[in-house]
Amino acid sequence: MIRLLLFTALLTGFVPEAPAQSALASAQESLRKIDQTDPGKRGLEIARVIDRRDTGWQDQSTSLVMILRNRQGQESRRDLRVKTLEVEADGDKSLTIFDTPRDVKGTAFLSYTHAIRADDQWLYLPALKRVKRITSSNKSGPFMGSEFAYEDLTSQEVEKYTYTWLRDEPLDGARTLVVERRPAYKYSGYTRQLVWVDVRMWRPVKVEYYDRKNSLLKTLRSTEFTRYLDRYWRPAKMSMINHQSGKSTELLWTNYRFRSGLGARDFDRNALKRAR
Amino acid sequence: MSAGVNAVRVARLAGIAAGTGLLSAGLLWVAVLLAALPGRAESLEISGYAGIEPRLFFHSPTFAGQIHDNISAVLQPEFYSEWNAGRDSVLFTPFARLDSADGRRTHLDVRELLYQRVAPDWELRAGIGKVFWGVAESEHLVDIINQTDAIEDVDGEDKLGQPMLNLALIRDWGTVDLFILPGFRERSFAGSGGRLRQSLVVDTNNSSYESSAGDRHVDYALRWSQSMAQWDIGLSHFYGTSRAPRFVLDTRRPGPPILIPRYDLIHRSALDLQATMDNWLWKLELIHESGQADSHVAWVGGFEYTLTGFAGTRADLGLLAEHLFDSRGHAGPNPFQNDLFAGLRLALNDVQSSEVLAGVIQDLRGDASLFSIEASRRLGDRWKLELEARLWSRVKQHDPFKAIARDDYIQFSVLRYF
C-alpha cells in the first residue's frame, strides 16, 4: 500500500483503528470531513480513504473460481489460488497459482505492482520448469481468457488514477459516492472508469469501464461482502459483464485468510518455481 | 492418506516404470523417506497427461530401414506429496513413450523423483530433477543441467531426468544454486527405423568418455541469479561431462560402420540476461566452453516485441528475432553457427488459450533454413490439441542438417490431462 501523506490524514480526520461497532459513524465522519467544494480534491480524498482503510492486513490468501460465459451461455471454469502481500510504500506483491484447466495446472504468475512505473511480472511454465519474465504492457489484455483485464485485478494504488467526484447516489439501498477515475499509467485499455463507493464499507461495489473510444465496455458488480479482522471488507462474488461482446465472467472468492505470516520470501522467483 | 500407503503406492507405480538401477535406488530411497515419516504426508496429488501423436513425413525416407510415418502414445503422470505445511515434499514424474516406427523412441524415463526441503533462506533438492536456465526462444544454449531427450523432438526442449543434489542459498543479493550431479545421462538418438537421424545409427552402447570414470563422473555446477528492476541476470559455471557429444566413426568392427558418441569433459561459463522494457524483452545467452576440443564461444541474443490487443482484438502478437552464433563456424557441430531466427507468436487470449508460434532460422551464409510452427488449443477442460511442423530447405552437402533434410514433418497431438 502506498503510505499516505500526513496531510491526507489531517484532511480526512480518519482514525485507523476505529472500533467495529462505530464503523458507520466513522465512515460518516470521514465523509463529512472530505472537501465538499472541489470535485477533483474530493475524488482524490475518497480514493485515499479507501486506500487508508484497506491498510494493515499484511497478507491475504484466497481461493478463486472463475466462471467464463460466452454469449450463448456456455460456461468454462478455472480454479486458482491467489496470495497477496501488502507492501508499504509500493504496490502489493501477488502470486497466482492455476489448478484448472488441467493443462495449465502448476502454472504460476508472480506480480509486483507499482503505482506508476511498470509492474514486474514473471510466469512459471511447469512443463519446461521455466521462469519467464513477461512484459507488463499487457495490462489491457484478458486474464486467462476472461472478461477481466490484468489491470482490473492488480492492486489499486491511489497514484494509478486521477479522480473526479461526480455525485452521491443510492445504489441498491446503500449510500454510494460516484467517482470518475482516469488511468495515469501507460497501456491502459480504458479512458475512464466510474466507481460507486459504498460509504459503509469504503469499498467499490460497482465499476463501469469505458474503452479507448470512451464507449461503455464493461460493468463490474461486487457483492456478498464479509468483514474480516473487524476491518477489511471482501466480496465473495464479482460479476463482470462485457456489453460489447455479450460475454461475462464471475469470480467466486472463498477461504479468505489474513495475516498468515507470509513474507517477501513467499513472493520471490524461488517461491514461484515451487508454487503448487 | 497415510505416508505408508503413499510410499507403497509411489513404489508400486514407480516399479511399473522402473528400468534402470538408478531409478530403483532412487525409488527405494523415497519409499524409505516416506515410510520414515508416518502420518506426516498431508496428501497425494496425482495429475498428468496421456496422448496420441501421429507424425507424418512429407517425403520418402533417406536411409534404408527408416519407416515413412509413425504414431506414438505418450504418458506422463505426476505424483506429489507434501508435509510439514509444504516445507517438505516429494515429486515423482515418470515418462513413457510407445512408438510404432522406432524401437529406441519407445522409452521410459524418470523426469523427476525429487525430495525438496524449503527453509526461509535455503532450499534443498535431492534425487532426480529437472532445471531450466535461460531466456532465449530459438535455442536453449545456457541450459545444461539436464541431458536433451533428443529422440522426443528436435527443438531440444525435452529433457532426461538428472540425478542431483541442489542447494539454493537465497540472499538479498541473489540466489546461489550449487549442484552436485552424480551420474551422467547419455543423449538419446533415433534407432534404425526412425526418421530425423544421421545416415549412420548412433551406437549408444559403446559411448566413449574423456573421463576415466565414464558415465559415473560427478559433475558440478554453480549459478547466481538475481532480478534487479527491469534486469533478470544469471551467471553460471559448469564442470563435467559435456551434454553434447562429438561423433567418432567406428569402422574397426565387422558390419556397417557406426557412429560412437564421444563425451568430453568441459568447463563452461555462461551468462543469461533479460531486460524487460515495456513491450520489449531484450535477451542474451552467452557461453564460453573449454575442454579437450578447442575452446569456443557461442551466443543467442535478440528481442521479443509484444503488440497487446493486436489490431483491435483480444489477441497479443509477439515479434521475435534472435541471432545465433558459434565461433567454431561451419566446421563445428552446431548447425546454428551464424544464423538469424525470426518468429511470430500469436496468443488469441480466448477461452481455449489458442496459441501459434511460427519461426524460421536462416543461415546467414544463405544455406539451410529451418521452418517451424507450433500451435495449441484447449478443448473443453481436459483435452488439448497440438500441432507441430518442421521443414528444412536449401540444406547443402556439408550442413549438419543434411541427413534430416528430407524429414519435413507435421505432428498432431491429442492430449488428455488428468
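Two residues are taken to be in contact if their C-beta atoms, placed from the backbone, lie within 7 Å. The structure is a predicted model, in which local features need pLDDT of at least 70 and side-chain atom pairs count only at pLDDT 80 or more, while totals for chains, interfaces and linings use all residues. Residues are numbered from 1 along each chain as its sequence is written, and chains are lettered from A and ligands numbered from 1 in the order in which they are written.

A good place to start is the meeting of the two chains. Here 35 residues of chain B are in contact with 27 residues of chain A. On the chain B side, strand S4 (107-119), strand S6 (162-171) and strand S13 (265-277) each give two or more residues; strands (E, at least two residues) are DSSP runs, numbered from the N terminus. This side of chain B comprises 11 nonpolar, 12 polar and 12 charged residues, where Ala, Val, Leu, Ile, Met, Phe, Trp, Tyr, Cys and Pro count as nonpolar, Asp, Glu, Lys and Arg as charged, and the others, Gly among them, as polar.

Chain A itself is divided into domain 1 (6-56 + 154-253) and domain 2 (59-67 + 76-138 + 258-273), with bounds from an automatic or database domain assignment. Their contact takes 16 residues from domain 1 and 14 residues from domain 2 of chain A. Strand S13 (residues 248-258) of chain A supplies the largest share of the domain 1 side, 5 residues.

Back in chain B, 3 strands form an open, mixed sheet in the order S8-S12-S11; strands pair if DSSP finds at least two bridges between them. Strand S8 (208-209) and strand S11 (246-250) of chain B are its edge strands. S8(B) pairs with strand S12 (residues 258-263) of chain B in the parallel sense over 2 bridges, and B:Tyr209 has B:Tyr263 in S12(B) as its bridge partner.

Conventions: Helices (H or I, at least four residues) and strands (E, at least two) are DSSP runs, numbered from the N terminus.
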